[in-house]
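User: I'd like to go through this model and ask how each label is earned. Could you take me through it step by step?

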Amino acid sequence: MDKTKIESCFGLLRDVKSVAFATVDQEGHPRVRVIDVMFIEPEKLYFVTARGKDFYKELTETKEAAVTGMNEACCTVRLWGKVRREDQSLLERVFAENPVMNEVYPGDSRYILDVFSLYEGEGELFDLGKSPIEREPFSFGGHTLTVKGFQITGACTGCGTCLNVCPQKCIREGEPYRILQGHCLHCGLCAEVCPVKAVAAAG
């Protein structure tokens, strides 16, 4: 994915603004909460939390988070990767670009907040508003992209079983058959029904 499209993915999350952030707590349990995206910069997403919150502890201990948001057109962006605490001077920008924050943390109470960024990792654009669906993975901040999904190997006999059951009709004939990755749901149905086990997880 080119940088312009990556920036539009970050922009979608900023436009949605209130998005879901996931972390892992001290006991390894998943936790999720809705957090506002305060502003974005090229391949960086900024948010805040108060130092007394569990979310703060999870961020500072694991230094990782995942975030997802969907707009009204059923287009979803997911990001996951590394987070870090940023310079406190950015707090003034947070309040300038998000005036409602003055109602939540009036006056000097704002200084209980720290600014964090999600600055390196992977993401995915997943558009359920199109038919067939469209998905496109990407990396940002210098991260190496992980290959995901399914692929059809040379063991394929061309029986067509996978093609007939694919919910998005994104499998094409060939030697071997091939999956159009940009339209694949990653549901794994093709792998389950293949009589010769020719469909394998990518990567």
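Analyst: Gladly, beginning with the first helix. Helix α1, residues 3-16, has 14 residues and reaches 20 Å from its first C-alpha to its last, close to the 20 Å expected at 1.5 Å a residue. This is a predicted model, so local features need pLDDT of at least 70 and side-chain atom pairs pLDDT 80 or more, while totals for chains, interfaces and linings use all residues. Residues are numbered from 1 along each chain as its sequence is written, and side-chain values use heavy atoms, with hydrogens and water left out.

User: What makes α1 a helix, and where does the expected span come from?

Analyst: Helices are DSSP runs of H or I with at least four residues, strands are runs of E with at least two, and both are numbered from the N terminus. The expected span is 1.5 Å times one less than the number of residues. With its 14 residues, α1 reaches 20 Å, close to that expectation.

User: What caps the N-terminal end of α1?

Analyst: Asp2 does: one of its side-chain oxygens lies 3.1 Å from the backbone nitrogen of Thr4. A polar contact is a pair of N or O atoms within 3.5 Å; within protein, one must be able to donate a hydrogen and the other to accept it, and residues adjacent in sequence count only if both atoms are side-chain atoms.

User: Why is Glu43 called buried, and why is Lys17 called partly exposed?

Analyst: Buried means under 20% relative accessible area, exposed over 50%, and partly exposed in between (1.4 Å probe, protein chains only). Glu43 has a relative accessible area of 12%, so Glu43 is buried. Lys17 is at 23% relative accessibility and therefore counts as partly exposed. Within α1, the buried residues include Ile6, Cys9 and Phe10.

User: What is notable about phi in Lys17 and in Glu43?

Analyst: Phi of Lys17 is near 70 degrees, a positive value in a residue other than glycine. Lys17 sits in the loop between α1 and β1 (18-24). For Glu43, phi is near 60 degrees, again positive in a non-glycine residue, and Glu43 lies in the loop between β3 (39-41) and β4.

User: How do you know that Ser131 and Pro132 are joined by a cis peptide bond?

Analyst: Omega is about 0 degrees there. Pro132 is found in the loop between β7 and β8. A cis peptide bond also joins Glu175 and Pro176, with omega about 0 degrees.

User: What makes something a pocket, and how is its volume defined?

Analyst: On a 1 Å grid over the protein atoms alone, a cavity is a set of points where a 1.4 Å probe fits but cannot get out, whereas a pocket is an open set with protein on both sides within 12 Å along at least five of seven lines; lining residues have an atom within 4 Å of a point. Grid points are joined across faces, edges and corners, and the volume is the space filled by probe spheres set on the points. About 260 Å³ lies in the largest pocket, and about 230 Å³ in the second largest.

User: Which residues lie nearest the centre of the largest pocket?

Analyst: Of its 18 lining residues, Pro137, Val147, Lys148, Gln181 and His186 lie nearest the centre. The largest share of that lining, 3 residues, comes from β7.
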